[in-house]
Amino acid sequence: MSASTSPFAAPPALLPLAHIECRVGAVVGLGAAAYGERRYVPLTGGTVTGPELQGEIVAGGVDWQIQRADGVLDIAAQYVIRTPDGGLVEVRSTGMRHGPPEVMQRLARGEPVGADEYWFRTAVRFDTGAPAWLHLNKVLAIASGRREAQLVVLDFWRVA
């Protein structure tokens, strides 16, 4: 089937939105639950730079996780960004991280692992009442991430 006869429209463009470096605390395990090992990671602060969003991550966010039996880590993070003008933007990010077992074990031990050695993606939504940032309430973004021992690094891309 040629491109002109494809039933699919052209894919939406992805536009650079922000680069995030989020400091994280130690993983807190809650034990085995119905769908896997339940745990959370405290988000303790960080920086947000980029063409469409800047600021700092407010300490107090949480990354809830489920370590599934198939090796996939389900992620549901919720945190707040304080913009340079004092606006507060809630971020809700859901996704997953997975890779070969030996790579995931190295990550769990806090060893350096290249982002190209595993898959880490999330879908991101925003919520704010800050007048200068209301447009974010209409944005859907995806993030590509990497995990370091005490840091999560994310690149946010706005879906056009």
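1. For what follows, contact means heavy atoms within 4.5 Å. By that criterion, and leaving aside neighbours within four places in sequence, Tyr79 in this predicted model is in contact with Ile20, Leu43, Ile57, Gly61, Val89, Glu90, Val91, Leu154 and Phe156. I thought this residue a pleasant place to start reading.

2. Tyr79 leads straight to the core. The largest nonpolar core has 34 residues, and Tyr79 is listed among those with the most contacts inside it, along with Ile20, Leu53, Ile81, Phe126, Leu154 and Phe156. Two or more residues of this core come from each of β1 (14-24), β3 (36-49), β5 (73-82), β6 (88-98), α1 (101-108), β7 (119-128), β8 (140-148) and β9 (151-159).

3. Do look at β3, which has several pairings. β1 and β3 run antiparallel and are joined by 6 bridges, with Val24 standing opposite Leu43 of β3. Strand β2 (residues 28-33) is also antiparallel to β3, through 5 bridges; here Ala32 has Glu37 as its bridge partner, and a hairpin of 2 residues makes the connection between β2 and β3.

4. On to β4 (residues 55-67): 10 bridges join this strand to β3, again in antiparallel fashion. The hairpin between β3 and β4 has 5 residues between the strands, and Gly50 in the turn has a positive phi of about 160°.

5. How many aromatic pairs does the structure hold? There are 2. In one of them, the ring centres of Tyr40 and Trp64 are 5.1 Å apart with the planes at 50°, so the pair is tilted. This pair links β3 to β4 across 24 residues of chain, and Tyr40 has Trp64 as its bridge partner in β4 as well. Tyr40 is partly exposed because its relative accessible area is 27%, and Trp64 is partly exposed too, at 35%.

6. Phe126 and Phe156 also form a tilted pair, at 6.1 Å centre to centre and 55° between the planes. Phe126 lies in β7 and Phe156 in β9, 30 residues apart. Are these two residues buried or exposed? Both Phe126 and Phe156 are buried.

7. Finally, a residue I would invite you to inspect: Arg97, in strand β6. Arg97 is buried yet has no salt bridge, and the nearest side chain of opposite charge, Asp63, is 6.0 Å away. Not counting residues up to four places away in sequence, Arg97 touches Arg39, Gly71, Val72, Leu73, Ile75, Met104, Leu107, Tyr118, Trp119, Phe120 and Arg147.

Key
Residues are numbered from 1 along each chain as its sequence is written. This is a predicted model: local features need pLDDT of at least 70, side-chain atom pairs count only at pLDDT 80 or more; totals for chains, interfaces and linings use all residues. Side-chain values use heavy atoms; hydrogens and water are left out. A nonpolar core is a set of buried Ala, Val, Leu, Ile, Met, Phe, Trp, Tyr and Cys residues joined through side-chain atoms within 4.5 Å. Buried means under 20% relative accessible area, exposed over 50%, partly exposed in between (1.4 Å probe, protein chains only). Helices (H or I, at least four residues) and strands (E, at least two) are DSSP runs, numbered from the N terminus. Two strands pair if DSSP finds at least two bridges between them. Lys and Arg count as positive and Asp and Glu as negative; His and the chain ends are not counted. A salt bridge is a side-chain nitrogen of Lys or Arg within 4 Å of a carboxyl oxygen of Asp or Glu. Rings of Phe, Tyr and Trp (its six-membered ring) pair if their centres lie within 6.5 Å; planes under 30 degrees apart count as stacked, over 60 as edge-to-face and the rest as tilted.
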